[in-house]
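Dear colleague,

Please find below the sequence and structure that I am handing over to you. I should be grateful if you would read the notes alongside the coordinates.

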Amino acid sequence: MPQAPPVYENPKPVCVMDASGALGQTLVERLLNQGYTVHAAASKQSDLNGLKKLLGNNKQLKLFRFDPFDYQSIVDAIKGCYGLFYMYEASQDQSTYDELMGEVEVRAAHNVIEACAQVETIERVVFTSSVTAVVWKENRKSSVVVNERDWSEPNFCRKYKLWHALAKTLSEKTAWALAMDRDIDMVSINAGLVTGPGLSASNPYLKGTPEMYEDGVLVTVDVDFLADAHIAVYETPCAFGRYLCFNHSVCRPEDAVKLAQLLVPKAPCPPPSDELGLKQQRIQNKKLNRIMAEFAQGTHLELYE
């Protein structure tokens with residue numbers, strides 16, 4: 001997608017937290033290329049060393065080590081920044097998502113938004129959430145189309161042990177409640193399954209994949225498109241609320257086979273099964289698509305009547 005110019009000729013500093021994952025790294029690289037000074041915050045020194053090795057000695061890149069449960073380390077990372085891109089990256093040794101992850105992500109989200117409230121320069125927060133915080137509910141087939149107004153139901157997630165969905169739902173709701181209370185301008189990106197480096201069949205997002213396919217809400221997003229979406233909503237003054245973010249829907253048997261190949265590349269390629277059938281897509285992201293189109297054309301800064 002064509003890169004639109006930043007809002008300012010000399011864009012104000014922003015922070016990417018956690019910058020260690022595929023999305024974080026891609027965002028840092030794109031923002032630097034657009035002239036931003038970037039505070040890249042990661043929880044491990046080895047991740048920071050990797051970023052420095054990847055991006056070289058760019059004078060506009062500032063590295064910070066933070067702990068999502070150490071309030072002061074968050075403040076130190078975002079101090080002097082005007083924007084924050086926040087995503088919770090589970091530790092690589094976190095092999096399983098369980099019910100406790102909900103508590104962990106809620107605490108982290110609370111600390112980060114509270115820290116933003118204490119840093120006077122912060123003008124906007126882009127909070128990365130998930131489509132799993134949207135699609136899971138008891139009567140999920142009752143609505144014709146799922147969009148950003150929908151929320152997953154925590155009790156439903158607990159009942160079926162959908163821990164990723166539970167964690168993303170509770171942490172996003174916590175962030176929204178605190179942002180509204182502290183008068184923080186926040187937008188959220190509810191991302192589909194992120195395809196790119198590190199994707200595997202153990203990804204906790206995939207719990208309930210057959211049901212998502214059956215419901216017509218199984219969607220994916222490549223990391224480059226996702227990074228562009230983050231920058232687009234950050235740089236668009238009128239952006240508000242939640243944005244569902246995906247650029248591919250898995251609704252045909254052949255789509256399901258391709259996804260299976262991505263998840264387990266060395267596995268034998270099964271033929272598309274007629275049992276899967278063609279499913280009608282029941283999730284839409286028109287709200288984001290409008291922003292992305294305007295961003296690509298450079299018209300995202302115009303005032304709306």
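The notes below describe the sheet, a helix that lies across it, and the nonpolar cores.

Please bear in mind that this is a predicted model.

The sheet is open and is formed by 7 strands, paired in parallel and ordered 3-2-1-4-5-6-9. Strand 3 (61–65) and strand 9 (241–245) occupy the edges; each has a single partner strand, so one side of each is left without a neighbour in the sheet. From one strand to the next, the twist averages 20 degrees.

Within this sheet, strand 1 (residues 14–17) is paired with strand 4 (residues 83–86) in the parallel sense, over 4 bridges. In this pair, V16 is placed opposite F85 of strand 4. Helix 3 (residues 71–78) lies across strand 1, strand 2 (38–42), strand 3 and strand 4, and its direction is at about 140 degrees to strand 1.

As to the nonpolar cores, the largest comprises 58 residues, and M17, L84, V135 and I283 have the most contacts inside it. The greatest contribution to this core comes from helix 6 (residues 163–181), which supplies 8 residues. Apart from this core lies another, of 37 residues, which includes L61, V233, M292 and F295.

I283 may merit your attention when you view the largest core. Which residues does I283 contact, leaving aside its neighbours within four places in sequence? They are V131, V135, V145, V146, G216, V217, V219, L244 and F246. Of these, V135 is itself named with I283 among the residues with the most contacts inside the core.

With kind regards

Technical notes
Residues numbered from 1 in each chain as written. Predicted model: local features only at pLDDT ≥ 70, side-chain atom pairs only at ≥ 80, totals over all residues. Heavy atoms only, no water. Core = buried A, V, L, I, M, F, W, Y, C linked by side-chain atoms within 4.5 Å. Buried < 20%, exposed > 50% of the residue type's maximum accessible area, 1.4 Å probe, protein only. Helix = DSSP H or I, 4+ residues; strand = E, 2+ residues; numbered from the N terminus. Contact = heavy atoms within 4.5 Å. Pairing = 2+ DSSP bridges. Axes fitted to C-alpha atoms, helices over the stretch in contact; angles between N-to-C directions.
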